[in-house]
Amino acid sequence: MNSILSTAFANLFKLLGLYCLLSCIFATAANASSTEGDYSTKEARRAQLMEWAQAKYKASNHLSHKPFWILGDTAVNGCKAEYSNYMVDFKNHSDDKGKSVDNFILPAIVRYLYQFEHCLSKQNIAVLQNYVAQGPCCENNAYFDHGTLNHAILQASSWYLLAQYFNRDVWINKNRGKYTSKEIQSEIYKNLVARFNRHIQAGHYEMASPNYIEANFFPLLNLIDFAEDDTIRSLAEAEANMTLSYLKANSFKGKLVPPLTRQKSNELNGSIQNSAKLSYQLGRDKRLYWYYFGPELPLTLADFSSHKSASYWIFYMLSNWKPDNVNTNINSAEIVTNKIPMFSFWGKDTETELFSRNYIGENYALASSNVRYFPYWYSGDIVEFGILVDSESLFNQIDCTQPYWQSNYSVEINNNYKTRWFDRSSPFMQTYVVDKHNMLFIANIPPKDPFTKYSTMFTKTRSSRVNELAQFVRCRIPKDFDAIDKSDRLIKIKEGNTYIQITSLDQIFAYENDDYYQYFTLKGGKSAMHFFVTDEVSSMAELSKEASQYNANFSPEKAQIVLDIQAQKRQIKMTYNNVLYKDSNSRIAEREIVYESIPLIEEEKK
C-alpha cells in the first residue's frame, strides 16, 4: 500500500491541474445553453460534450458503453460508490466467459483510476490491483498481445499505465508465467516506442478509417496525461498530432475523403439522428473533426451517444491536451498525395498498400487511390474513390461499385440495403485524379474470378460467384442534388456551386433510382468514364463548354484512356494495369508491384 500512496503523491499535481480544468468546464457547461448551438469555439464544444456526458443521455448499459458514460457522469455529477465498485471489477468488463477483459474498456478503467482516484476507496484499489496483477476473473490478461492496430494501442497503453500505478507487484499471466511490474513496463515500453516511431514517420493503415481513427487516437490521451516517462509521453503526443494532421489535410467539410480503410458503411453528410438505418455505423472521424477543428457538420447528441459507437469522445473533454503542428491552412490549389502503409506489427517496416491523390477545394473534393490488393487477405473494406460536393443533402458523395468482395450477398444488399454499398473497391476498378477538374475511371472485369487457388475466411463472401463475376459497374448520385440531366452517354449535375459532367467513353448508361440515389450502370466487363468537375461556371451550358476542352477516348482492347488537355498541350494515358498478387498465400508477388503504377499513367507534352 505504501507504493500506492507514493504513486498517488507523485500524481498529485497532475490531478490538481485536471481538477482545475474540470472546474472550468463545469462553469462553462452551466452556461452551455447560452451558446444556442454556436460551437465555433472549442470551449463551447467542450461545454456541449460535458452536458451530453451525463448519465441521463447514455445510449445503453452494454459492457463496452457503460464505463465511458460512468466517466462522463462522474465528471459532471461527482463520485458515486456504485460507479467505483463497477469500474474496478473486471468481471463487469469481460463478455467472453472470463477469458479476458475487453480491450476497448481498458482505457476507461485507467482514466477512472488516475483522474478520479479520489472516488476510489482503499478496498476499490485493492480489488482492482488483484484483478490486474492476479487476474482472477480471466484466463489471460493480455499484457503483450497485439491484435489489430487499435487493439494494440488500447491494450498496450492501458497495461503500461496500470503497471506504472501498481509498480511493485508480481503479475501473473496464466499463459506465459509471472512478471514484475517493471518487467511489464519495460516490455511494453519497447513495443510502444517501436510503434510510435514508425507511425509518426509513415502513418498507419487505420488512420484512414472512419471507424478506427478514433479508437487509435483516444488511448493516446491517457499516455499524454498520465505517463511519467518523458519519451513515451512525447511520442504519444507526436502520434496524436500526426493523426489529427492527416484528418485535417484529408477531410472535406468534416468528412474523411477516400481512400477509406476498414469502412463498409455510407458516410452521412450530417447527423445520424433520424437516419441511423441508412448508415451501418457512424463514421467516428466526424466526432474527432467536430471537436478539434470545428463543427462543419451539424452533429447532434445522437452522434455522440449512438448505441453503435461507444462514447470514446469522453476522453477529449476530460483531457487538457491541445494539438500542435496541425496544418490548418491546406492549399486547396494543390493535389495532395498520401501513402497508406500495410498493417504493421509493433512498428515493423511495411510496404505501401494504398497510394492516394486528392483535391480538396471549397465546393468539392476529388479523391482516388491505387490499391495493392491481397485477394486472399483483408482487402474488401476499402472505399477507393469518390467525388464529394458541398451540399445540404443527407448524402453528398458520388461513387461506384463493382460487386466482388461481398458478391455472395449482392442480391440481398441490392434489395434490402441498397444504400449500404459494401463493395466500393474492386481489383477490377482503377481510378486516377488528373487535376482539380478531371478524374478517369477504368473497369476491366474478367468473366471468372482469377483468385481461387486458396480458400480463406476472406474468400467466403465471394465463393459462390467464382465462375460468374458481376459484369457491370454501378454508380450513384445523391438524388437531392439541384439538377441531374441524363442522356445515353452523358450526365450533367449541378449542386450548389459545383457542376459535374460524367461521360461514358464506351457503352450507354442504364438508369434506375430509389428514394435517395440516382443510379447509373455500365454493363459489360470493360468500361471507362471521364469525370469533369468545376465550380468556375454558372450554368450547364458553360459546363459543357468547359468540359469540351478535355477530349477523352477509350480503347477497350488496350484497356486505356487517352485524355487530351488542349489548352495545356498535355496528353494523359491511363492504362488498366493488372499487377495483382496471383496464386500466392504470402505477401510475395510473382513480380514486383510499384504502387504508383496502379493504373499505369503516362504523360507527355504535345
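In this predicted model, helix 12 is followed by Gly294, a residue whose phi is positive, near 120 degrees. The helix itself spans residues 285–293, and because 9 of its 9 residues are buried, helix 12 is largely enclosed by the rest of the structure. Among these buried residues are the charged-letter names a student may look for in the sequence, Asp285, Lys286 and Arg287, together with Leu288, Tyr289, Trp290, Tyr291, Tyr292 and Phe293.

A second covered element is strand 22, made of residues 560–565, where 6 of the 6 residues are buried. In a regular strand the side chains alternate between the two faces of the sheet. In strand 22 both faces are covered, with Gln560, Val562 and Asp564 buried on one side and Ile561, Leu563 and Ile565 buried on the other.

Strand 22 also has pairing partners, and the table sets out its pairing with strand 21 and with strand 23.

| Pair | Sense and bridges | Bridge partners | Hairpin |
|---|---|---|---|
| Strand 21 (residues 550–555) and strand 22 | antiparallel, 6 bridges | Ser555 and Gln560 | 4 residues between the strands; Ala559 phi about 50 degrees |
| Strand 22 and strand 23 (residues 570–575) | antiparallel, 6 bridges | Val562 and Lys573 | 4 residues between the strands; Lys569 phi near 50 degrees |

Read along the chain, the hairpin of strand 21 and strand 22 has Ala559 in its turn with a positive phi, and in the hairpin of strand 22 and strand 23 a positive phi is taken by Lys569. Gln560, which is the bridge partner of Ser555, is buried on one face of strand 22, and Val562, whose bridge partner in strand 23 is Lys573, is buried on that side as well.

How values were computed. Residues numbered from 1 in each chain as written. Predicted model: local features only at pLDDT ≥ 70, side-chain atom pairs only at ≥ 80, totals over all residues. Heavy atoms only, no water. Buried < 20%, exposed > 50% of the residue type's maximum accessible area, 1.4 Å probe, protein only. Helix = DSSP H or I, 4+ residues; strand = E, 2+ residues; numbered from the N terminus. Pairing = 2+ DSSP bridges.
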